[in-house]
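Here is a colleague's note for someone meeting this structure for the first time. Please read the numbered points with the sequence and the model side by side.

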Amino acid sequence: ASISPIDGPNGTLAQATPCIGRGTPIMVAYGYMKFDPADFANIGNPQEVITHEMLHILGSGTIWENDRTLISGKGGADPRFTGPLARAACAALGATVTCASSVPLENTGGAGTRDFHWRELTFNNELMTGFYNSGINPLSSMTIASMADLGFTVNNADLDAYTFVGTTLMSGVPLSPEWEQVGLIKGKLGADGKVARILK
């Protein structure tokens with residue numbers, strides 16, 4: 001992790017990517033995140049942004065298709081996360097219709113936003129939507145459950161208070177059209193200690 005220049009004020013705030021994975025299904029062994037000091041000093045809650053990027057490094061949005069099939073409709077009008085634990089947690093938050101079969105993913109924004117995050121129009125200020133909201137951006141039980149869908153052992157009690165209010169007007173705004181850049185995992189560490197390139 002570093003705080004170092006990217007592109008100056010009002011540009012890209014953060015970059016995050018898992019780099020090398022290991023095991024089957026693949027889990028992240030190494031990744032990086034970088035924050036531009038020109039924008040980082042102006043955000044409301046740095047810890048929320050850091051946590052958001054850390055979750056991308058661990059696999060949220062970034063390894064959903066590595067040895068897994070956790071996305072449907074990618075690139076289309078209605079992409080969805082199909083992990084059963086996240087879907088159940090979403091329904092338990094009150095979104096029984098919205099998450100009857102899957103969880104809505106972001107269908108707007110650039111390559112670092114759509115398909116990598118929960119849908120802002122649906123989940124408003126939840127931490128893992130693709131738009132940074134003013135005020136509190138809580139880590140919900142749905143996001144924690146999505147990490148369990150990836151294969152992590154999680155603490156279901158370590159969450160923030162979050163209330164699903166249903167479809168709302170989009171209240172979050174990116175710091176710029178491409179405020180965040182998210183990458184996909186590039187290599188896998190073998191038992192022999194060598195890294196093999198992952199082709200996507």
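1. What span should the 13 residues of helix 2 have at 1.5 Å a residue, and how far apart are its end C-alpha atoms? The model is a predicted one, and in it helix 2 covers residues 46–58. The expected span is 18 Å, since one less than the number of residues is multiplied by 1.5 Å, and the end C-alpha atoms of helix 2 are 18 Å apart, so the two values agree.

2. The two ends of helix 2 each carry a feature that can be found in the model. At the N-terminal end, Asn-45 acts as a cap, with a side-chain oxygen 3.1 Å from the backbone nitrogen of Gln-47. Just after helix 2 comes Gly-59, where phi is positive, at about 135 degrees.

3. Along helix 2, the buried residues are Glu-48, Val-49, His-52, Glu-53, Leu-55, His-56 and Ile-57, a list that includes the charged residues Glu-48 and Glu-53. The elements that cover these buried residues include strand 2 (14–22) and strand 3 (27–35), together with helix 5 (141–150) and strand 7 (180–182).

4. Helix 2 also contributes to an open space, the largest pocket, which has a volume of about 320 Å³. This pocket is lined by 15 residues, and the closest to its centre are Leu-55, Leu-139, Ile-144, Met-147 and Asp-158. Helix 2 and helix 5 are the elements that give two or more residues to the lining, and helix 2 gives the most, with 4 residues. By class, the lining of the largest pocket holds 9 nonpolar, 4 polar and 2 charged residues.

5. Turning from the pocket to enclosed space, the model has 2 cavities of 30 Å³ or more. The largest cavity has a volume of about 90 Å³, and of the 12 residues that line it, Gly-61, Thr-62, Glu-65, Lys-74 and Leu-184 are the closest to its centre. That lining is made up of 5 nonpolar, 3 polar and 4 charged residues.

6. The second largest cavity has a volume of about 70 Å³, and among the residues that line it are Glu-48, Val-49 and His-52, which are also among the buried residues of helix 2. The rest of its lining consists of Leu-127, Thr-129, Phe-131, Tyr-132, Asn-137 and Trp-179. Sorted by class, the lining of the second largest cavity has 5 nonpolar residues, 3 polar and 1 charged.

7. Is Thr-62, in the loop between helix 2 and strand 4 (71–72), buried or exposed? Its relative accessible area is 2%, which is under the 20% cut-off, and Thr-62 is therefore buried. A polar atom of the Thr-62 side chain lies 2.6 Å from the backbone oxygen of His-56. Beyond residues up to four places away in sequence, Thr-62 touches Pro-18, His-56, Phe-116, Val-182, Gly-183, Leu-184 and Ile-185.

8. Cys-99 sits in the loop between helix 3 (84–92) and strand 6 (103–104), and with a relative accessible area of 0% this residue counts as buried. With neighbours within four places in sequence left aside, Cys-99 is in contact with Arg-87, Cys-90, Ala-91, Pro-104 and Phe-123. Of these, Cys-90 and Ala-91 are listed with Ala-86 and Ala-89 as the buried residues of helix 3. The buried residues of helix 3 pack against strand 5 (80–81), strand 6, helix 4 (120–123) and helix 5, and helix 3 is followed by Gly-94, with a positive phi near 115 degrees.

9. Some backbone details in the loops deserve a look. The peptide bond from Thr-24 to Pro-25 is cis, with omega near 0 degrees, and Pro-25 is in the loop between strand 2 and strand 3. Asn-10, in the loop between strand 1 (2–3) and strand 2, has a positive phi of about 60 degrees although it is not a glycine, and is exposed, with a relative accessible area of 62%. Asp-115, in the loop between strand 6 and helix 4, is likewise a residue other than glycine with a positive phi, near 75 degrees, but Asp-115 is buried, with a relative accessible area of 7%.

Technical notes. Residues numbered from 1 in each chain as written. Predicted model: local features only at pLDDT ≥ 70, side-chain atom pairs only at ≥ 80, totals over all residues. Heavy atoms only, no water. 1 Å grid on protein atoms, 1.4 Å probe; cavity = no way out; pocket = protein on both sides within 12 Å on 5 of 7 lines; lining within 4 Å. Points joined across faces, edges and corners; volume = space filled by probe spheres on them. Buried < 20%, exposed > 50% of the residue type's maximum accessible area, 1.4 Å probe, protein only. Contact = heavy atoms within 4.5 Å. Polar contact = N/O pair within 3.5 Å; in protein donor to acceptor, adjacent residues only side chain to side chain.
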